[in-house]
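Q: Could you take a close look at the charged pairs in this structure, and then show me what surrounds them? I am new to it, so please explain each term as you go.

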Amino acid sequence: MAAVVMTALMPLMAAAQIGEYRNDLSVGVGGGYVLSSVNFTPRVPQGLHGGPTGGVAIRYVCEKYYSMICSVMAEVNYSSYGWKEDILDSHDEKVVNAFTDLPEEYSHTINYVQMPIFAHLAWGKEEKGFNFFFQAGPQFGYFLGESYSANFDINKPNLNDRSSLIREQYNKEVERKFDYGIAAGLGLEYSVPRLGHFLLEGRYYYGLGNIYNSTKRDYFGTSNHNAITIKMTYLFDLKRTK
C-alpha cells in the first residue's frame with residue numbers, strides 16, 4: 001500500500017522541484033450517488049446496487065507546473081455499497097415468486113466510512129472559471145453495518161427455476177471489516193472569487209480486499225467491491241497565496 005501512495009503522489013513530488021509555488025488550502029462538503037456491485041467467485045449474477053454517499057473534503061494546492069495545477073485532496077465519507085441480484089432462469093427471464101407472482105428480488109447494502117486520498121491534477125483556470133481535473137489514489141473504508149431486502153424466504157430460496165444455484169451469500173455477514181482499494185476520477189471544477197469552488201466528478205473504485213474470508217476452506221474465492229460514483233463537492237478557501 002505504501003507503494004500505491006508513493007505512485008499516486010509522484011507527479012506532485014516531481015512538480016514540487018521546478019513548479020510555481022502555491023500554498024492554498026480549501027475545505028468543504030460533498031455528496032452524490034454510488035452504483036456498486038461485488039465481484040464474487042464463484043459468480044453471482046447481479047446488477048448495480050444504488051446508494052448515497054456524502055461527507056467532508058479538504059484540498060491543499062502545492063504547485064503549478066506549467067499549466068498543470070498540483071494538489072493533494074482527501075475526503076471522509078459515509079457510503080452505501082452492496083449488490084443487487086439478477087435472479088434469472090435458464091432462458092434469462094426473471095424468476096417469479098410462486099406466492100406473490102412477482103419477480104424475485106434480493107439486494108444487500110453494506111455501509112462504510114471511507115477515506116480516499118488523491119493526487120489531484122487540474123488544467124485550466126485557478127481563480128475564476130473552469131478547469132478539468134483528474135485524480136487518483138488509495139481509498140480506505142471501515143465497515144459500519146449491513147442490511148438486506150428480499151421478497152422471498154432467503155433460508156428456503158426456490159432453486160428449481162434458477163440458472164444460478166449459489167445461495168451462500170444470503171446468510172453470510174461481512175467478515176472483513178476493513179476495505180481498501182484504488183479510486184480514480186475525472187471531473188470539472190468551476191471557481192468563483194470569494195465564493196468558492198464547485199466540482200462535478202465521475203469516479204471509479206476497485207476494491208483490493210474481500211468482504212468475506214477467502215481461504216481454501218471458504219466458499220468465495222473473491223468478494224471485492226466495484227463502484228461508480230457521481231459526486232458534487234463544494235470547497236471554500238481558507239488560505240490562498242495567488
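**Charged pairs and their surroundings**

A: Let's begin with Glu189, which is buried because its relative accessible area is 2% (buried means under 20%, exposed over 50%, and partly exposed in between, with a 1.4 Å probe and protein chains only). Before going on, please note that this is a predicted model, in which local features need pLDDT of at least 70 and side-chain atom pairs count only at pLDDT 80 or more, while totals for chains, interfaces and linings use all residues. Residues are numbered from 1 along each chain as its sequence is written, and side-chain values use heavy atoms, leaving out hydrogens and water.

The partner of Glu189 is Arg59: the two form a salt bridge whose closest N and O atoms are 2.8 Å apart (a side-chain nitrogen of Lys or Arg within 4 Å of a carboxyl oxygen of Asp or Glu). This pair joins distant parts of the chain, with Arg59 in strand E3 and Glu189 in strand E7, 130 residues apart (strands, E, are DSSP runs of at least two residues and helices, H or I, of at least four, numbered from the N terminus). Arg59 is buried as well, with a relative accessible area of 5%.

In total, the structure holds 12 salt bridges. Side chains of opposite charge can pair when their charged atoms come close. Another such pair is Glu126 with Arg22, where the closest N and O atoms are 3.0 Å apart. Glu126 sits in the loop between E5 and E6 while Arg22 belongs to strand E1, so this pair ties together parts that are 104 residues apart in sequence. Both ends are buried: Glu126 has a relative accessibility of 12%, and Arg22 has a relative accessible area of 4%.

This pair also has company, as Glu20, Arg22, Lys64 and Glu126 are linked in a network of salt bridges. Lys64 lies in strand E3, residues 49–65, and is buried at 18% relative accessible area. Apart from neighbours within four places in sequence, Lys64 is in contact (heavy atoms within 4.5 Å) with Gly19, Glu20, Arg22, Ile69 and Glu126.

Strand E1 takes part in one more pair worth following. Asp24 and Arg240 form a salt bridge with their closest N and O atoms 3.8 Å apart. Asp24 lies in strand E1 and Arg240 in the segment after E9, so the pair ties together parts that are 216 residues apart in sequence. Here the two ends sit in unlike surroundings: Asp24 is buried, with a relative accessible area of 1%, whereas Arg240 is partly exposed at 32% relative accessibility.

Now for the nonpolar surroundings. The largest nonpolar core (buried Ala, Val, Leu, Ile, Met, Phe, Trp, Tyr and Cys residues joined through side-chain atoms within 4.5 Å) has 24 residues, and those with the most contacts inside it are Phe40, Trp83, Tyr106, Ile110 and Ile211. E1, strand E4 (68–85) and strand E5 (106–124) each supply at least two of its residues. E5 gives the largest share of this core, four residues. There is also a second, separate core of eight residues, including Val61, Met73, Phe133 and Leu199.

Ile211 has polar as well as nonpolar neighbours: beyond four places in sequence, it touches Val38, Trp83, Ile110, Tyr112, Val174, Glu175, Arg176, Ser223 and His225. One of these, Glu175, has a side chain that makes a polar contact with the side chain of Lys172, at 3.5 Å (a pair of N or O atoms within 3.5 Å; within protein, one must be able to donate a hydrogen and the other to accept it, and residues adjacent in sequence count only if both atoms are side-chain atoms). Lys172 itself is placed in the loop between strand E6 (129–150) and strand E7 (178–192). Leaving aside residues up to four places away in sequence, Lys172 touches His108, Glu146, Tyr212 and Phe220.

A last stop is Gly209, found in the loop between E8 and E9. Gly209 is buried, with 6% relative accessibility. Outside its neighbours within four places in sequence, Gly209 is in contact with Asp179, Tyr180, Ser223 and Asn224. Gly209 and Phe178 are 31 residues apart in sequence, and their C-alpha atoms are 8.1 Å apart in space.
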